[in-house]
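User: Could you take me through one part of this model in some detail? I'd enjoy a connected account rather than a list.

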Amino acid sequence: MSLLLDTHVVLWWLTDATTLTDDVKERLDHEPDVYVSAATLWEVGIKQSTGKLKAPTDLAEQIRGCGFRALQITFEHAVAAGRLPLLHRDPFDRMLIAQAQCEDLTLATRDASIRAYDVTTLDV
């Protein structure tokens, strides 16, 4: 199963050994097709600059270097995100939903509102 990680999942994987179950950590450590979206790095940068995320200044670089596969944002992703129903207003989550749909990925998340969309999720 190919996974796309929600931002909070990446942060927990990097910083909090107790939040994710051992099964999820094992999967993230050994599954070859685990993706992190460019939108995640964008979200981290914005949250750091507004003070909503207290983390090392090189957090985006740590995420980029963590060994997960990069998922760039394409025109197709942007169009799909813009056309999603407004069930969830967070633009970063909407982009992740669109990317998961377009690329046939399972979105690993704990955000219950994402399940309102037609997207396969893995509850972490």
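User: Where is Cys66 found? Please start there and then work outward to the helices and salt bridges.

Analyst: Happy to! Bear in mind that this is a predicted model. Cys66 sits in the loop between helix H4 (59-64) and strand S3 (69-71). With a relative accessible area of 16%, Cys66 is buried, because the cut-off for that class is under 20%. Setting aside neighbours within four places in sequence, Cys66 is in contact with Trp13 and Leu14. Leu84 makes a useful contrast: 18 residues separate Cys66 and Leu84 in sequence, and their C-alpha atoms are 30 Å apart in space.

Strand S3, at one end of that loop, brings us to a salt bridge. Arg69 pairs with Asp33, and the closest N and O atoms are 2.6 Å apart. This pair links distant parts of the chain, with Arg69 in strand S3 and Asp33, 36 residues away, in the loop between H2 and strand S2 (34-37). Both partners are partly exposed, Asp33 at 23% relative accessibility and Arg69 at 39%.

Asp33 also leads to Ser2, in the segment before strand S1 (3-5). Not counting residues up to four places away in sequence, Ser2 touches Asp33, Tyr35, Leu105 and Thr106. Ser2 is partly exposed, at 24% relative accessibility. The C-alpha atoms of Ser2 and Ala100 are separated by 9.6 Å, although those positions lie 98 residues apart along the chain.

Now for helix H3 (residues 38-49), which contains Ile46. The axes of H3 and helix H6 (residues 91-103) come within 10 Å and cross at roughly 170 degrees, which means that H3 is roughly antiparallel to H6. On the H3 side, Ala39, Thr40, Trp42, Glu43 and Ile46 meet Phe92, Met95 and Leu96 of H6.

Two of those H3 residues reappear elsewhere. Ile46 is partly exposed at 34% relative accessibility, and together with Trp42 and Ile73 forms a nonpolar surface patch with about 270 Å² of accessible area. Glu43 is buried at 4% relative accessible area, yet its side chain meets that of Lys47 in a salt bridge (2.9 Å, N to O). Glu43 and Lys47 are about one helical turn apart, because they are four residues apart in helix H3. Lys47 itself is partly exposed, at 31%.

The structure holds four salt bridges, and another of them joins Lys25 to Asp22, with the closest N and O atoms 3.5 Å apart. Both residues lie in helix H2 (residues 22-30), three residues apart. Here Asp22 is exposed at 63% relative accessibility, while Lys25 is partly exposed at 21%.

How values were computed:
Residues are numbered from 1 along each chain as its sequence is written. This is a predicted model: local features need pLDDT of at least 70, side-chain atom pairs count only at pLDDT 80 or more; totals for chains, interfaces and linings use all residues. Side-chain values use heavy atoms; hydrogens and water are left out. Patches are made of residues with over 30% relative accessible area and no salt bridge: like charges are joined within 9 Å, nonpolar side chains (Val, Leu, Ile, Met, Phe, Trp, Tyr) within 5 Å. Accessible areas come from the Shrake-Rupley method with a 1.4 Å probe; for residues, only the protein chains shown count as cover. Helices (H or I, at least four residues) and strands (E, at least two) are DSSP runs, numbered from the N terminus. Buried means under 20% relative accessible area, exposed over 50%, partly exposed in between (1.4 Å probe, protein chains only). Axes are lines fitted to C-alpha atoms, for helices over the stretch in contact, and angles run from 0 to 180 degrees between N-to-C directions. Angles under 35 degrees count as roughly parallel, over 145 as roughly antiparallel, 65 to 115 as roughly perpendicular and the rest as oblique. Contact means heavy atoms within 4.5 Å.
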